[in-house]
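User: I am new to this structure and would like to understand the terms applied to it. Please explain the reasoning behind each one.

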There are 4 protein chains.
Amino acid sequence: MIPDDEFIKNPSVPGPTAMEVRCLIMCLAEPGKNDVAVDVGCGTGGVTLELAGRVRRVYAIDRNPEAISTTEMNLQRHGLGDNVTLMEGDAPEALCKIPDIDIAVVGGSGGELQEILRIIKDKLKPGGRIIVTAILLETKFEAMECLRDLGFDVNITELNIARGRALDRGTMMVSRNPVALIYTGVSHENKD
Amino acid sequence: MIPDDEFIKNPSVPGPTAMEVRCLIMCLAEPGKNDVAVDVGCGTGGVTLELAGRVRRVYAIDRNPEAISTTEMNLQRHGLGDNVTLMEGDAPEALCKIPDIDIAVVGGSGGELQEILRIIKDKLKPGGRIIVTAILLETKFEAMECLRDLGFDVNITELNIARGRALDRGTMMVSRNPVALIYTGVSHENKD
Amino acid sequence: MIPDDEFIKNPSVPGPTAMEVRCLIMCLAEPGKNDVAVDVGCGTGGVTLELAGRVRRVYAIDRNPEAISTTEMNLQRHGLGDNVTLMEGDAPEALCKIPDIDIAVVGGSGGELQEILRIIKDKLKPGGRIIVTAILLETKFEAMECLRDLGFDVNITELNIARGRALDRGTMMVSRNPVALIYTGVSHENKD
Amino acid sequence: MIPDDEFIKNPSVPGPTAMEVRCLIMCLAEPGKNDVAVDVGCGTGGVTLELAGRVRRVYAIDRNPEAISTTEMNLQRHGLGDNVTLMEGDAPEALCKIPDIDIAVVGGSGGELQEILRIIKDKLKPGGRIIVTAILLETKFEAMECLRDLGFDVNITELNIARGRALDRGTMMVSRNPVALIYTGVSHENKD
């Protein structure tokens with residue numbers, strides 16, 4: 001995984017998604033060499049870069065031109081990008097232009113989550129995986145409801161991560177904001 | 001990643017390590033096809049199985065015979081094991097018998113953490129990675145101190161994971177106990 | 001605060017609410033000697049007992065007769081109850097029978113949260129405080145939406161608590177499930 | 001409880017302790033009207049102010065003169081202080097000058113935790129309560145070890161708190177850094 005501080009950052013663009021969260025997204029996405037993936041709301045490019053190194057083709061969508069340029073710079077910085085199509089624009093529109101997909105990561109939806117998930121469902125190949133990352137309480141709820149309504153088995157895992165920061169006096173645990181991953185497919189909730 | 005509930009469990013053996021934690025361990029371990037790895041305190045075999053699918057050779061050590069037999073059953077269940085050497089016995093002794101390693105995951109140390117880490121350091125190839133998983137407050141502290149004394153740059157990340165469980169009335173978030181990963185190498189602590 | 005393990009428990013009744021959560025509820029409720037309080041979904045009686053020791057009158061409502069009997073036994077066990085009215089029945093109905101209140105704690109709503117909060121608003125004296133405790137994702141969302149629609153300033157705080165348990169090998173941190181407190185009145189969210 | 005943002009802050013002084021943590025400290029301290037309390041490392045004065053409103057006498061100690069002046073301003077701002085003795089200086093020395101105590105809260109120890117706890121033990125009246133708040137991994141460990149060595153039953157509770165912040169797009173959960181409370185006396189760890 002690319003350490004957080006090896007991304008070029010832009011104050012007007014959220015991200016990068018914390019390494020631990022990108023790591024779990026990749027574990028849930030189970031990217032294969034021939035897979036086609038879409039990253040909706042690519043922001044700084046954290047997820048796009050991880051996908052780019054693992055799948056055949058990535059479509060990275062964001063309506064913020066600064067997100068697209070920041071993602072592009074980060075792709076170049078890490079020698080990636082040949083297999084990435086950057087699409088600036090409204091997600092529902094952009095999604096209609098891409099081929100069928102194996103993996104969809106939705107990190108930002110600009111209030112159009114339902115529409116986005118509906119189109120993704122139509123584009124999802126058999127065995128395809130959808131992962132929504134949410135930091136807003138409302139997105140957690142809406143993603144669960146939407147994916148259920150679309151007929152998926154839906155799981156949610158919430159991550160509270162604290163990293164140790166070395167100070168003179170000792171190791172201070174510094175929290176990241178909680179992130180929820182709402183995902184389709186096999187549940188990892190222990191039924192015991 | 002192998003879902004938690006696809007492991008054979010044994011009430012007298014801890015584990016399997018939660019999927020999300022195994023996932024982060026793999027991200028930090030960065031296993032390569034030619035790597036040699038050791039899993040100290042393999043328990044149910046969660047980490048051993050993930051390593052087995054990603055590296056050349058895994059040495060799985062545990063002094064509890066039931067852990068060794070449970071790990072063996074899980075390897076068979078998932079069609080893995082050709083590249084795994086199961087070693088029942090005291091970790092320091094077993095470690096002395098194995099070749100140099102690229103990756104060391106220490107999930108259980110039976111009170112011999114310092115000795116274990118000292119031997120691991122001697123066996124670690126250049127660029128090798130050490131990851132200690134800790135659920136005890138004392139292990140978190142001791143692992144940090146030991147690895148620093150052995151000259152490593154040390155990081156600690158603590159994971160609080162809650163998974164949604166579908167009930168009639170709604171989605172109840174069910175917590176796992178906090179797990180800390182103490183690891184050497186590149187820090188993921190954002191210096192911004 | 002009454003330690004968790006000093007409550008009589010009943011497997012068919014949820015609770016008691018963890019001490020740390022009851023503690024925060026009391027801090028947010030700011031109970032006064034002349035206050036009238038209602039505990040909707042009193043379960044084992046954790047919140048009812050804390051209120052009983054701090055206010056003039058408590059109305060404890062639950063539609064599960066076992067919750068009412070368990071709360072009664074706990075009140076007796078701790079020498080409390082003179083100022084407590086136990087009401088077995090449907091919350092909206094029971095709420096209509098009680099006088100105006102200063103404090104409302106809603107720990108269980110049986111799917112009638114909107115109706116319950118609507119009636120509570122009508123019964124709430126000026127300066128009154130409402131606290132909803134939620135373990136379900138849907139309740140967190142619904143409580144926020146309802147209270148906002150009813151015109152309140154709404155805050156939400158989520159608590160992840162882990163307590164140390166002394167084992168031979170050391171101190172294992174044991175997690176409680178995350179609990180959210182959705183409350184009206186002064187925000188404690190730092191605006192800095 | 002006093003909301004966090006009603007404290008005068010000083011960038012060179014830590015604090016105030018988050019409302020939820022001050023709340024739990026008060027619940028564990030069980031302050032009585034005739035109690036004498038000491039707040040070691042008073043910082044911005046969060047704990048001192050809560051104690052001042054609940055006990056007979058508070059000794060607030062800090063070696064940072066800015067902490068003492070900030071605490072003083074906060075006391076004045078909230079109409080408190082008649083029962084508070086502000087002591088600028090080294091904690092072990094200051095502790096030797098105060099009478100026996102019912103409550104000791106240690107929020108900062110400047111590397112002298114063992115000495116501080118040793119003196120506190122000598123000054124602690126029967127039934128007295130000690131609470132150490134820790135954000136450093138090393139302090140959590142050291143406080144547990146020290147208090148055990150001094151013969152106390154020791155408990156540790158770790159709090160991960162996230163507060164909702166209202167944004168246009170929804171409610172973002174914002175984490176506070178994890179805080180551990182290490183305290184003597186009745187365990188709240190559920191033995192079930």
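User: Why is A:Cys23 called buried?

Analyst: A:Cys23 has a relative accessible area of 1%. Buried means under 20% relative accessible area, exposed over 50%, and partly exposed in between, with a 1.4 Å probe and protein chains only. A:Cys23 therefore counts as buried. As to the source, this is a predicted model, in which local features need pLDDT of at least 70, side-chain atom pairs count only at pLDDT 80 or more, and totals for chains, interfaces and linings use all residues. Residues are numbered from 1 along each chain as its sequence is written, chains are lettered from A and ligands numbered from 1 in the order in which they are written, and side-chain values use heavy atoms, with hydrogens and water left out.

User: What makes the link of A:Cys23 and B:Cys27 a disulfide?

Analyst: The S to S distance between A:Cys23 and B:Cys27 is 2.2 Å. A disulfide is a pair of cysteine sulfur atoms within 2.5 Å, so the pair qualifies. A:Cys23 lies in helix H1 (residues 19–29) of chain A and B:Cys27 in helix H1 (residues 19–29) of chain B, so two chains are joined. Helices are DSSP runs (H or I, at least four residues), as are strands (E, at least two), numbered from the N terminus. With 100° about the S-S bond, this link is right-handed. B:Cys27 is also buried, at 12% relative accessibility.

User: How many disulfides does the structure hold over all chains?

Analyst: There are four. Among them is the bond between C:Cys27 and D:Cys23, whose sulfur atoms are 2.2 Å apart.

User: Why is the disulfide of C:Cys27 and D:Cys23 called right-handed?

Analyst: The torsion about its S-S bond is about 100°, so the disulfide is right-handed. C:Cys27 is buried at 13%, and D:Cys23 counts as buried at 0% relative accessibility.

User: Why is A:Cys42 not bonded to the closest cysteine sulfur?

Analyst: That sulfur belongs to A:Cys96 and is 18 Å from the sulfur of A:Cys42, too far for a bond. A:Cys42 is buried, with a relative accessible area of 5%.

User: How do you know that chains A and B are related as by a two-fold rotation axis?

Analyst: A turn of 180° and a shift of 0.0 Å along the axis lay chain B on chain A with an RMSD of 0.0 Å. The two copies are thus related as by a two-fold rotation axis. Superposition is by least squares on the C-alpha atoms of residues with pLDDT of at least 70 in both copies.
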